[in-house]
Every structure is written in C-alpha cells, then in structure tokens.
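Here are some notes on the structure, as requested. They are set out as numbered points, by topic.

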Amino acid sequence: MRLSPVLMAVVAITAPLSSSLSANAQSANNYKKITEVLKAATNQESQKNSTQVLTNENFKSDFNSTEVKVLEDFPPATNQKSQQNSTQVLTNENLKSDLNSTEVGNSQSTVIAVFPAKSAAKTTSDVILHSLTKPTTAQILETTPNPPTQQPNSTPENLPPSPGTTPSQENLNSPGMTPVLPEKTQQPNSTPENLPPSPGTTPSQENLNSPGITPVLPENTQQPNSTPQISPPATGQPTPSPSPDAAPEAAEPRVLVSEVVVRPQAGQLAPELEDQVYQVIRTQPGRTTTRSQLQEDINAIFGTGFFSNVQAVPEDTPLGVRVSFVVQPNPVLSKVEIQANPGTGVASVLPANTVDEIFRNQYGKILNLRELQEGIKQLTKRYQDQGYVLANVIGAPKVSENGVVTLQVAEGVVENVKVRFRNKEGQETDEKGQPIRGRTQEYIIKREVELKPGQVFNRNTVQKDLQRVYGLGLFEDVNVSLDPGTDPSKVDVVVNVAERSSGSIAAGAGISSASGLFGTVSYQQQNLNGRNQKLGAELQVGQRELLFDLRFTDPWIAGDPYRTSYTTNIFRRSSISLIFDGQDEDIRTFGNQRSDGTFEDRDRPRVLRLGGGVTFSRPLSANPYEKSEWTASAGLQYQRVSTRDADGNLRKEGAVFDDDGNRIGDTTVPLSFSGEGEDDLLLLQLGAQRDLRNNPLQPTSGSYLRFGLDQSVPVGLGSILLTRLRGSYSQYVPVNFTNFTQGPETLAFNLQGGTVLGDLPPYEAFTLGGSNSVRGYEEGALTSGRSYVQASVEYRFPVFSVVSGALFVDVGTDLGTSTRTAEVLNKNGSGYGYGLGVRVQSPLGPIRIDYGINDDGDSRINFGIGERF
C-alpha cells in the first residue's frame, strides 16, 4: 500500500467518489478492439454556486457493438449560465459504465477494462491490450464535459505484441471474470516466427482449461492499425447533433489516486511478486489516473508473466481513490508434459527425458509464461536439430491446478507416400492433359523410401531416401514435395521422378591374334519390365570361336525384407591363361613335328569355360535402409573347362618353346587336371566383406576387408576336390605431406593372400605379376603357385584438376609353392616392384598408368581402370 502525503490539499476541491472504478482482465475472442468513449451532452440550467454533476447515465453504452468507438458527434455542453465560484465535482457516477461483466469485490466495483487485449499502434483514443494468447477487447467508457480533444495512444512498452492464436472462451475460468464476446470483428493475420506451423493444423479452442491461465506465444508479431469509428451510444436516449465547431475528440476524465494496493484474489502473495507489480505499474498515489492508464498497468502486470488474472478495482476514500490491483499468481511449475500428435495414435519421436532436460530449471518455481515460452523455443529447436522440421507446438499450453503444463505438439505425421512421374521438362501432364505414366513400377520406388505412412516426417531420412532412389540409376531427377493430407495434422509425401532411358544396344567388329576377325553385339536393359531388374547379353562371333555371356540380376527380390539379390548367368568364355606365360619362354600347344624339327600349331593355350550359375547376396543388417558394414554371398557354379589351341582344337598337354619357336627339352606339361584336356568343376562359393570406406571408387579413409571360400564337389571329368581360401584387407589413412594443390592425400595399404587345399588344376593356380599384382613384371610373370602373399603401399596425392599421382611399392611371394608350370618356366617365385603412377579421372573411373621397376632391374608400363586396391 502506498499513500500520498499531499492528498489533503486536493480533497478541498474534490468530492469523494460514491461508486468505484474497476478494471478487469478477461479473455475474449481473437479479435482486435478499440476503445469506445461515449460522451453525452446535457443541457443543464446553471445555478449560482451550483455544482455540475456528471451522472452514470452519461456513460452508458451498448457493449455488444463490434468496436468500441470514440464519438465525435456530440457538442460541448451549452446553454450553461456561468456563476461565480462554481465548482465542477467529478463523482464516481461519472465513471460507471454498463459492461455486462461480473463485479469483483463488492457491488460498487464495476469492471471497466477487459484483458487480454492488444495494444494498437497509431490509433486515436484506443486502448488495445496485449495478450499472451490472443488479442481481445479493452473496454473503457469515458465522459467529459469539455469539447473532444485527441488522446495519445496507449501502448505499454513492457508487453510483447500478441500473435493471432485463439484460445478457448470456456477455458479462462478465472474467478470473478466473465468473458466479453465482441461480434463481427476481423481477426488480423499474425504468424509466430519461432514456431513454424504444422501443415494444416489449427490451434484448439479448448486449450486454456486452467483458471486464468494465459498461453505464451512468440514475440515480434506486428499489430495492424485500428481506426476508431463513430457509432451512437446504446443508452436509449436521443443522440444530439454535433456542433459545427466541436473538437474531434475529448480528454479522458482523471481522478486523484490516494492509495495503491496490491493484493491476491485468495491466500497470500509472495513479497517478490508484489514488488514485481509495483515496479511495472505507472499509477502512483498522489497523482491522477485514467481508465487507459489503469489498462496499461494491467497489461504491464500481465507482461511480467507471473500472473494468470489481474483486476484493477478503484474505491472512493475521503482522500481520493484507492486503486487495488487484485492479482492471481500462476501455480508453481511441477512438470511439463508433451501430448504428441493428438488424435493419430503416433507416439512422440523425442526421448522421454527431453522435456525435463529443457524445463528442469523452471521446476519448483512460480510458472512464468515468458520463461515457458523460451523453453518452448528450445523444444522446437530440438525437433529441428533432429530433422523433424514439421514439428510445431499447437494451441495453447494447458496448465493444471497442480502446476503441470501440457503442450500439444503436431510433429508432422505422414499419411501417405506417393509417386509422381514427370517428363524431362518437369511437367506432370502430357499434351493431352493426362498424368505422365512411367515405366517403373511404383513399388520399386516406394520400397527404397524408409519413410512410411504413420511415421513422423524427418528431413534427414528423406534425404537418404532420395539418394537411394537416385542410386537406382533409373532417373535423371528425383525430389520430394509435400501435399496436405485428409487430416489437417498429416501430410502426404510425394516422390517426384523423371525417368531416363534404361536400355542400350551396341555392335562392333575387330581382329585379334586370339580370335582372328570377329564381331560383337551387346544389349543392356537396366529396368526390365519396370522392376529394376537388369538383363545383359553379349555375343561374339569370330572366325575361330563363338562366345556369349547372358546375365540376369534382380537387385532386390520382391517381398524380401532384407534386400536380398540374386544373379544368374550362362556363359561361354575363352581366355589365354597367364599361368602358361613366362619371361623368355612360354608353354605352347603343339601338333605334329615337321621335317625341320619344328612343330605345327605352336599356340598359346586357351582356357575355354562353358557353364552357368546362380549367386545370392544380401547385407547383414536388420534394417535394409541403413548402410550395412557386412555383406554376405553364396552361390553355386558349374563349369566344363577345356584347354584348346587357337583353332579351337582340344589339347591335352603343352611343351616349352622359346621366342623363336624352338622346343626346349622333351618335357611336357599337362594342361588339364584329368589329362584329357577337359575337366568338370562344380563349385559351392561363399563370401563376405566389410566395407568402411568413405568412397568406394577413390577412398581416402576407412578400410575394406573381404574373404571367400570355394569348395568343389568331385563330379564328372577329373573328379576335382579342392578348397580355395582367399582374403584381402585394405586400409586408407589421410595424410598431409605436401601442399601442391587442393585435394586429399592418402596412404593406402593392402595385404592379401590365398591358398588351395586338395586338388589343383593348372589353370586354377594363383598368379603374381602385372598391373593388378606386382607392378614392374609382365602379367603372371613373377610366379604361379598353390599359395601366395602380396603386399602393397601407395602414397596418393593430387596434382591438378582431374590428374593425381601415386608412388607405390609392391611385393609378392608364392611361399615356395610354385606349380610345376612355374618351375618349368623358371619363374622367380618372389619379387618386388616400385615406381610412379598417374591417375586421370574419366566417366569410367580413374584411368591408371603406372611405370614400375622390378627387382631384376626390368621396367614396364602397366595400364588399368580404377585404383589398384
């Protein structure tokens, strides 16, 4: 309570007020209101030493009007006879107004202000109060005996503008407060910046079910200007015509304040809360006040964020007017809970402890709506950081009497996932206006999308989904758009794709020493029947042989949840085996001996394989959408292997010849395991690999491990029983040795080895030497053996643009397991090479050119496509 020491001097000229001035904060609809000042002109007979008394009838107004207006049509009071020593007495009857609102305290206290309401900028005689939830109406009825004069705007500086959220009228159940419902007012558009709207969501009208609790919404929302309009007073009395020389507006009546009191509606008020009120109000004892100033004080008290209800109740005293600010503090915050995706049955995507982590510092304290709003901002940011960009706190917080705040969050539930085909120009319809139809089956696209109906939209997940869809190689462009769902809180995710040509055919011709003159035809289809199945066929017809390779691949067997794929093929392939090539001597097939001692048909042996097989592969991960470290494969393959000469004739054995065609010694070497020139090989193949590389084509970090097992079944010719084991490990380490140009530098290490247990056909031995082995040696010239170990180190560095370089060292050995063929050809069995290489980027991958020097001092240039390992 605060008293003025100078009130006695004022009482001599001011009569006590017989009634009360009150300001009450109540919630109304989400509409913008302006203050209505009703003025009544009276013709009163002047009397000597008489007192001019303004009665309550001068201030009655119809509160049901849409806007509260300033009446400028009434002339100043005229025909009053001046009398000496006349005194104007302003009584409490002048301040009464019919507001259709509930009285607070006693029957003499009438509500004259309604809160929450917006404070409008640039209005005349307006009081539009700020609301933490929505704009409502500030009603102030005024009367003045003087000509109207313009009033300054009433805009409290300590309250943020109110956004356009509309709370329920039924939920502001504060004691002593009756909502005032204005009609037919237009709601200004206002969008909070810090809480992005959820698609199609509309704040609920039943969010404020706690008495007097006002929700918090973002700041910095601009309030449009309001223009006062003229309307007659709803008093049932005739409206006087305005005087031609009347001023446009009238000054508000002012009353002297003798005392300012802050008290709670019930119970005790904490001293710190009382101090909060005294710090923000402008009404002071010993000064005059107006209804507008009282409403500004109400706004300021609400602006502290600690109170759910505020009333300003003026009462007459012998010394002036006592103004009591009756406040209802918010409850002590005990917990904040999230009600995620109401009406959908979809649980929240945030961990259960996330809300407590954000609001824990506010627990145990009186609920402050400003601090609660800051916590809501942090909650929204937490959603955004995790990719849930559609998540939005909808409606207003629900506050229970025990201090539990419930936030409703629409996280953006996906209702459907759709596919929309477009042409290369991005159009969705053809020339006839019909939707463009694609060749690809929709399920091929949808199964690559991890985001499913009923899940919450996540930007990070969608980005990975687009990468997988684009990685199919069937589309030129892939993007995602959002359509509204049938439920306003849900969305439809639309995957837009533009298909590319998926088939190709090629033909060519050539000549080679192995095949002579030949022609080739190839066909490739990457999207067979629109199911992303791949069909490849290659046919080579030559003077000496007919070769073909037919391959079919299904990268994801339909209905399989683990992305299992399979490949089946039929082939007839021919190759010159490197096993029979040496440095200065080679093993050749031979025919009849001529008279000069030479032999006919001295050809390099060809290994012809005719067969087919099937291989299954799948990632070892329970989630087919995550990149799996491990991949496993299993297959079965049958081959009929035969050794032939250049004319395609079957040859059983070969002999050693020098470069001049002279046979060296009488030693012969069997070309097949059976000795008949043909073998049957039935293999069960198992394999696994772990890929941790950052880039499969040009890795700069990570590792790659793979190993395999081939187990033969002894059938047919040769009845071969072998077990082949192979393994390889590569490690990539980023370094920074030089700064020639921008680009990564890498140290790459590779170690590999293998062995064959049991039977070993000559053509199945391991070979060392060449571009993919020990560089500096010719292909297969170092050794061929039952076992081998090989190691390589490379330093890879950028040069400029698409050119990079490499320094390398290779070493390999057959561990003393050289085959008879290698022994006959005097191969080293072990050796190393070193050198310098250049890499040129191309659409096929890096074109590799390496210049290597071996341990014998010989040098060789090796070519290849792709990195060595």
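1. How many residues lie between E7 and E8 in the hairpin they form? The model is a predicted one, and in it two residues separate the strands of this hairpin. Strand E7 covers residues 307-317, and its pairing with E8 is antiparallel, with ten bridges. One of the bridge partnerships joins Pro-314 to Val-323 in E8.

2. Strand E8 (residues 320-329) also pairs with strand E5 (residues 255-264). Here the strands run parallel, and seven bridges join them. Val-262 has Phe-325 in E8 as its bridge partner. E8 thus has an antiparallel pairing with E7 and a parallel one with E5.

3. Is E8 mostly covered or mostly exposed? Eight of the ten residues in E8 are buried, and the strand is mostly covered.

4. The search for aromatic pairs over the whole structure returns five. In one of them, Tyr-566 and Phe-616 are tilted, with 35° between the planes and 5.8 Å from centre to centre. This pair connects distant parts of the chain, since Tyr-566 belongs to strand E19 (residues 565-576) and Phe-616 to strand E21, 50 residues apart. Ring pairs also bring in Phe-552, which forms a cluster with Tyr-566 and Phe-616.

5. Why do Tyr-566 and Phe-616 count as partly exposed? Tyr-566 is placed in that class because its relative accessibility is 23%. Phe-616 falls there because its relative accessibility is 39%. The class lies between the limits of 20% for buried and 50% for exposed.

6. Two arginines should be noted for their positions over rings. Arg-573 lies over the face of Phe-571, 4.0 Å from the ring centre. Arg-796 is placed over the face of Phe-869, and the distance to the ring centre is 5.1 Å.

7. The second largest pocket has a volume of about 740 Å³. It is lined by 24 residues, of which Arg-563, Pro-619, Pro-624, Ser-628 and Thr-631 are the closest to its centre. Helix H7 (459-471), strand E21 (606-619) and strand E25 (678-691) are the elements that each give two or more residues to this lining.

8. Which element gives the most to the lining of the second largest pocket? E21 does, with three residues; this strand also holds Phe-616 of the tilted pair. By class, the lining is made up of nine charged, eight polar and seven nonpolar residues.

Methods: Residues numbered from 1 in each chain as written. Predicted model: local features only at pLDDT ≥ 70, side-chain atom pairs only at ≥ 80, totals over all residues. Heavy atoms only, no water. 1 Å grid on protein atoms, 1.4 Å probe; cavity = no way out; pocket = protein on both sides within 12 Å on 5 of 7 lines; lining within 4 Å. Points joined across faces, edges and corners; volume = space filled by probe spheres on them. Helix = DSSP H or I, 4+ residues; strand = E, 2+ residues; numbered from the N terminus. Nonpolar A, V, L, I, M, F, W, Y, C, P; charged D, E, K, R; others polar. Phe/Tyr/Trp six-rings, centres within 6.5 Å; stacked < 30°, edge-to-face > 60°. Buried < 20%, exposed > 50% of the residue type's maximum accessible area, 1.4 Å probe, protein only. Lys NZ or Arg CZ within 6 Å of the ring centre and 35° of its normal. Pairing = 2+ DSSP bridges.
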